[in-house]
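Visitor: Please give me a close look at one part of this model: the aromatic rings and what surrounds them. I work at the bench, so plain terms with their cut-offs would suit me well.

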Amino acid sequence: MSFIKELFAYLIAQKKFWLFPLIMLFAIIGAIFVVSQGSVVAPFIYTLF
């Protein structure tokens with residue numbers, strides 16, 4: 001958790017606000033891949049990409 005806090009503190013200090021949506025998008029896509037491993041929805045998610 002400290003890494004995430006430091007990352008957001010750095011982004012705010014350096015005024016890199018445009019990176020917030022990009023980081024959130026990567027986190028959501030990563031969570032979808034982790035959750036879909038071995039589930040019934042996996043074939044449907046793989047067809048999207």
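Guide: Gladly! Helices here are DSSP runs of H or I with at least four residues, strands are runs of E with at least two, and both are numbered from the N terminus. This is a predicted model, in which local features need pLDDT of at least 70 and side-chain atom pairs count only at pLDDT 80 or more, while totals for chains, interfaces and linings use all residues. Residues are numbered from 1 along each chain as its sequence is written, and side-chain values use heavy atoms, with hydrogens and water left out.

Let me set the scene first. The chain has 3 helices and 0 strands, and its elements run α-α-α from the N terminus on. Confidence is given as pLDDT, the predictor's score for each residue from 0 to 100. The mean for the chain is 83, with 88% of residues at 70 or more. Among the elements, α1 has the highest mean pLDDT, 89, and helix α3 (residues 42-48) the lowest, 71. Where pLDDT is low, the predicted coordinates should not be read in detail.

Now to the rings. Rings of Phe, Tyr and Trp (its six-membered ring) pair if their centres lie within 6.5 Å; planes under 30 degrees apart count as stacked, over 60 as edge-to-face and the rest as tilted. The structure holds 2 such pairs. In one of them, F8 and F20 have ring centres 5.3 Å apart and planes at 20°, so this pair is stacked. F8 sits in helix α1 and F20 in helix α2, so their contact ties together parts 12 residues apart in sequence. F17 and F20 make a stacked pair too, at 6.3 Å centre to centre and with 25° between the planes. Ring pairs thus link F8, F17 and F20 into a cluster.

How covered are these rings? Buried means under 20% relative accessible area, exposed over 50%, and partly exposed in between (1.4 Å probe, protein chains only). F8 is partly exposed at 22%, and F17 is partly exposed as well, at 47%. Of the chain's 49 residues, 10% count as buried.

Between the helices of that first pair, K15 deserves a look. K15 lies in the loop between α1 and α2 and counts as exposed, at 60% relative accessibility. Its phi is positive, about 55°, although K15 is not a glycine. Most residues other than glycine have a negative phi.

On the surface, W18, L22, L25 and F26 form a nonpolar patch with about 460 Å² of accessible area together. Patches are made of residues with over 30% relative accessible area and no salt bridge; like charges are joined within 9 Å and nonpolar side chains (Val, Leu, Ile, Met, Phe, Trp, Tyr) within 5 Å. A salt bridge is a side-chain nitrogen of Lys or Arg within 4 Å of a carboxyl oxygen of Asp or Glu. Within the patch, L22 belongs to helix α2 (residues 19-36) and is partly exposed at 36%.

Finally, another phenylalanine: F33 is also placed in helix α2 and is partly exposed, with a relative accessible area of 32%. Its C-alpha atom is 9.1 Å from that of Y46, and the two residues are 13 apart along the chain.

Conventions
Accessible areas come from the Shrake-Rupley method with a 1.4 Å probe; for residues, only the protein chains shown count as cover.
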